[in-house]
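Me: I should like to take a close look at a single part of this model, namely chain B. Please describe how chain B is built and where it meets its partner.

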Amino acid sequence: MRAVWAITANTFREAIRDRILYLFVSFAVVMVVGTKFFGMLTVGDEAKIVKDIGLASMQFFSMLIAVMMSMILISREVDNRTVFNILAKPVRRWHFILGKYLGLVAIVAANLLLITVVLMLMVLIVAGELDLMLLFAGAMTVLEMAVLAAFATLFAVLTRPILGSLMTLAVFLVGHMSADLWLLTHQLPGVLTRAVIAVVYYLLPNLERFNFRTEVVHDLPIPAAAVGWAVIYAFAFVGVVLFLANIRFRGKDLK
Amino acid sequence: MKRTLASLSVIAVLLSVVVLSEVRLGKIPREDPLGRELLYLPSPEMLKIVSLGNPGLAADVLYLWSIQYYSYFKPHERFLYLETIYNLITDLDPLYSDAYRIGALIMQIQTGGDQEELEQAVRRLFDKGLRNLPDDWELAEAAAWDFFMRFSDRETALYFAEIAAQRPEAPARIKRMVGVWRDNENAWTLDDSIKYWRRAVDDAEDVWDRAMCMNQLYDAVVARDRQVLEPLLQAFVVRYGFCPSSWDDLIRAGALRQVPPDVFGDPYGIGTDQCSLVAYKKFKDQ
């Protein structure tokens with residue numbers, strides 16, 4: 001496991017040196033700070049607008065960071081041939097995949113923490129309340145991004161960076177619409193059609209399972225079971241996708 | 001150096017053309033586009049999907065847009081698609097309390113169009129809000145006042161005030177408001193009013209609340225006693241040809257067994273001008 005942690009730490013260090021990361025983080029912070037101006041346009045509860053826009057920005061920019069960084073980090077190692085230096089050491093290929101993945105999740109989590117703190121400060125300025133539930137929303141977004149990062153890692157070893165980015169983006173879009181796919185199964189005729197759609201639904205991640213933004217914004221109770229199962233769901237999905245990535249990477253000719 | 005200057009001059013000229021054309025374009029009168037773009041509004045289901053898990057944000061964007069958009073209308077104009085827009089906003093975020101409140105407020109600004117239909121639209125929006133926000137007494141109170149002040153519809157105002165009073169977090173003043181409105185509208189019997197205000201006096205939260213409840217109780221008891229005592233005074237006048245100077249005259253005539261007291265136990269007076277009951281309201285308990 002020391003090899004995995006070494007790759008994780010190295011990936012994290014490498015990522016925080018990347019300018020593209022600062023670009024996304026700056027955009028996210030500007031967006032969150034800018035919510036104050038959107039709030040000024042409203043009549044009524046300014047804090048709701050600040051939280052809504054802030055949480056959506058948090059999700060959107062984290063998604064961009066996860067998609068872009070995963071593509072850059074893995075393809076760069078392969079293209080620059082530095083992957084050979086790593087694999088020449090007592091490092092297995094699955095160590096490399098897992099280390100890269102954990103490094104990516106760490107960088108996304110660190111950025112999300114930064115954006116969440118900025119959002120909490122904005123809410124404190126606008127509403128005069130320290131809303132700790134925003135941290136919870138941030139943590140659930142980390143879970144969502146962990147699932148997305150796993151897919152990004154899989155696509156990074158499957159295909160070229162640009163195509164991989166597009167495919168990860170597609171997973172993000174479909175992941176937020178898969179609940180509607182499930183609803184579709186109730187309306188379609190034919191058992192076979194419904195069964196096929198149900199299988200597709202279970203194979204795709206339902207990213208709405210990590211979405212507690214409405215509850216956080218409106219101060220609604222959050223069922224502990226929903227959070228617990230969402231954590232289990234995320235870990236299981238990440239496990240499956242990373243296994244697939246490892247299988248592909250193990251058989252991949254890197255020359 | 002010359003080339004740089006020439007380039008800068010070209011840029012400056014082009015920029016001035018940009019500014020000039022923008023100014024000229026702004027001055028060209030165009031057909032009023034209000035309402036036209038709304039024909040392409042998507043359904044709430046579609047917007048929910050497109051928002052990628054952020055229906056609250058979609059609701060905010062529409063809400064902010066609607067505030068700006070409807071500020072272009074004049075009160076005598078018909079505010080196009082207003083109910084549709086606020087239904088869309090509140091379908092996207094059913095807990096958006098401000099949207100119900102401000103949507104209804106914008107509807108009420110309209111002085112043109114069918115006012116009865118407008119009142120129904122305001123009621124539908126408030127009813128939807130109260131269904132989706134079962135603990136929100138402020139929205140119900142706002143609805144009550146809106147119907148009272150804007151539409152002078154006291155029946156609907158009382159309906160919303162009663163909903164506000166039943167909400168768990170509603171302060172005592174809302175409950176008192178309902179009592180006062182019921183008294184004013186004769187929406188209950190005097191006995192029910194007296195019962196209600198006696199309980200309210202016992203449950204009063206502070207000295208002002210108690211004084212207000214006492215005032216209402218006093219008036220309700222006087223109204224009930226007036227219904228009993230004034231016919232007796234009139235019967236006395238018919239029988240003896242003059243108004244009694246005190247209640248003792250009625251006791252002697254066998255019409256009363258004792259002097260009727262008010263809420264505080266003090267006797268009522270008799271106004272000899274119209275031969276009617278006179279109540280001396282004063283607050284001994286303060």
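Reply: The following paragraphs treat chain B, its contact with chain A, the nonpolar cores and the confidence of the model.

This is a predicted model, in which local features need pLDDT of at least 70 and side-chain atom pairs count only at pLDDT 80 or more, while totals for chains, interfaces and linings use all residues. Residues are numbered from 1 along each chain as its sequence is written, and chains are lettered from A and ligands numbered from 1 in the order in which they are written.

Chain B has 12 helices and 2 strands; helices (H or I, at least four residues) and strands (E, at least two) are DSSP runs, numbered from the N terminus. Read from the N terminus, the order of elements in chain B is α-α-α-α-α-α-α-α-α-α-α-α-β-β. The radius of gyration of chain B, taken over C-alpha atoms, is 32 Å, well over the 19 Å that the globule rule gives for 286 residues, so chain B is more spread out than a compact globule. That rule is 2.2 Å times the number of residues to the power 0.38. Along its principal axes, the C-alpha trace of chain B spans about 120 × 40 × 40 Å.

Of the 286 residues in chain B, 30% are buried. A residue is buried if 20 or more other C-beta atoms, placed from the backbone, lie within 10 Å of its own. Two residues are in contact if their C-beta atoms, placed from the backbone, lie within 7 Å. Among contacts in chain B between residues at least 6 apart in sequence, 55% join residues at least 24 apart.

The contact between the chains takes 14 residues from chain B and 21 residues from chain A. On the side of chain B that touches chain A, helix H3 (55–70) and helix H5 (97–109) each supply at least two residues. H3(B) gives the most to this side, with 6 residues.

A nonpolar core is a set of buried Ala, Val, Leu, Ile, Met, Phe, Trp, Tyr and Cys residues joined through C-beta atoms within 7 Å. The largest such core has 116 residues, and those with the most contacts inside it are A:Ala66, A:Ala149 and A:Ala150. Helix H6 (residues 133–158) of chain A provides the largest share of this core, 17 residues. Apart from it lies another core, of 10 residues, among them B:Trp197, B:Cys213, B:Leu217 and B:Val263.

As for the partner, the mean pLDDT (the predictor's confidence in each residue, from 0 to 100) of chain A is 85.

Notes
Buried ≥ 20, exposed ≤ 12 C-beta atoms within 10 Å, placed from the backbone.
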